Amino acid sequence: NAIGKQSSGKTELMKTLSHLVAHKYSKIPYQISFFDRNNIINLEETVKTLKPNISHILIFDDIGFLKADVTSVGISKIEKTLSIIRHLEGGEDVKIILMKGFQYTKAIPPFLRQNDMTFVSSVDDNEIDSLTTLLGKKYLQKIKLLKAYRYDGASVGEFNYKMGGAKKVLY
């Protein structure tokens with residue numbers, strides 16, 4: 001999951017990670033697919049377009065709208081499809097890497113929030129509690145630090161951070 005405000009880098013992060021996995025680090029071939037809102041709303045049809053004998057990296061970007069635009073029955077269909085997505089019709093079971101981008105921690109239903117990794121690209125005041133619950137209380141100071149870095153980066157154009165005992169400046 002990539003969570004953060006609009007224009008905070010979620011889409012570019014997911015594109016970059018998918019290309020690194022598919023073209024640099026993986027020993028098996030992956031097809032990368034970038035999906036928009038219509039693809040996820042009609043996920044059953046979208047899945048039918050995937051090649052059955054290759055593993056896939058599926059990027060679902062800006063999916064926070066789902067609860068507003070899709071009925072609970074529609075959400076259940078999406079969840080069902082995602083739960084069996086690696087069993088593509090006409091092929092063997094394949095590996096599927098799902099990348100989901102959305103603006104707020106609880107913007108999508110709990111099943112869709114399940115993941116193995118979470119990247120946070122920005123923190124708002126109203127997200128601190130949700131992120132602390134998600135990541136754990138031991139990360140509260142780092143969550144607040146990310147909020148401060150993002151503020152400094154946006155308002156001042158740079159931020160300072162400590163790495164290896166020395167202070168570095170990012171522009």
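Here, "partly exposed" means a relative accessible area between the buried range, under 20%, and the exposed range, over 50%. Keep that in mind for the close-ups below, which all come from a predicted model.

**View 1. Arg37 and Asp69 meet in a salt bridge.**
The closest N and O atoms of this pair sit 2.5 Å apart. Arg37 belongs to helix 2 (residues 37–41) and Asp69 to helix 4 (residues 66–69), so to speak two distant parts of the chain, linked across 32 residues. Arg37 has a relative accessible area of 37%, so it counts as partly exposed. Asp69 comes out at 44%, which makes this residue partly exposed too.

**View 2. Glu45 pairs with Lys48 inside helix 3.**
Here the salt bridge has its closest N and O atoms 3.5 Å apart. What separates the two partners along the helix? About one helical turn, because Glu45 and Lys48 are 3 residues apart in helix 3 (residues 43–48). Lys48 is exposed, with a relative accessible area of 57%.

**View 3. Asp125 and Lys147 form a salt bridge between a loop and a helix.**
The closest N and O atoms are 2.6 Å apart in this one. Asp125 is in the loop between strand 5 (119–120) and helix 7 (128–135), while Lys147 is in helix 8 (residues 140–155), so the contact ties together parts that lie 22 residues apart in sequence. Is Asp125 buried or exposed? Exposed, at a relative accessible area of 58%. Lys147, at 28%, is partly exposed. As background for these three views, side chains of opposite charge can pair when their charged atoms come close. The model has 5 salt bridges by the rule used here, and the pairs shown are among them.

**View 4. Strand 3 runs parallel to strand 4.**
Now over to the strands. Strand 3 (residues 55–60) pairs with strand 4 in the parallel sense, and 5 bridges hold the count for this pairing. To find your place, look for Ile59, which stands opposite Met99 in strand 4.

**View 5. Strand 1 also pairs with strand 4.**
How many bridges join strand 1 to strand 4? There are 2, linking strand 1 (residues 2–3) with strand 4 (residues 96–102), and these two strands run parallel. Ile3 is a handy landmark here, standing opposite Phe102 in strand 4. Taken with the previous view, strand 4 pairs with strand 1 and with strand 3.

Conventions
Residues are numbered from 1 along each chain as its sequence is written. This is a predicted model: local features need pLDDT of at least 70, side-chain atom pairs count only at pLDDT 80 or more; totals for chains, interfaces and linings use all residues. Side-chain values use heavy atoms; hydrogens and water are left out. Two strands pair if DSSP finds at least two bridges between them. Helices (H or I, at least four residues) and strands (E, at least two) are DSSP runs, numbered from the N terminus. A salt bridge is a side-chain nitrogen of Lys or Arg within 4 Å of a carboxyl oxygen of Asp or Glu. Buried means under 20% relative accessible area, exposed over 50%, partly exposed in between (1.4 Å probe, protein chains only).
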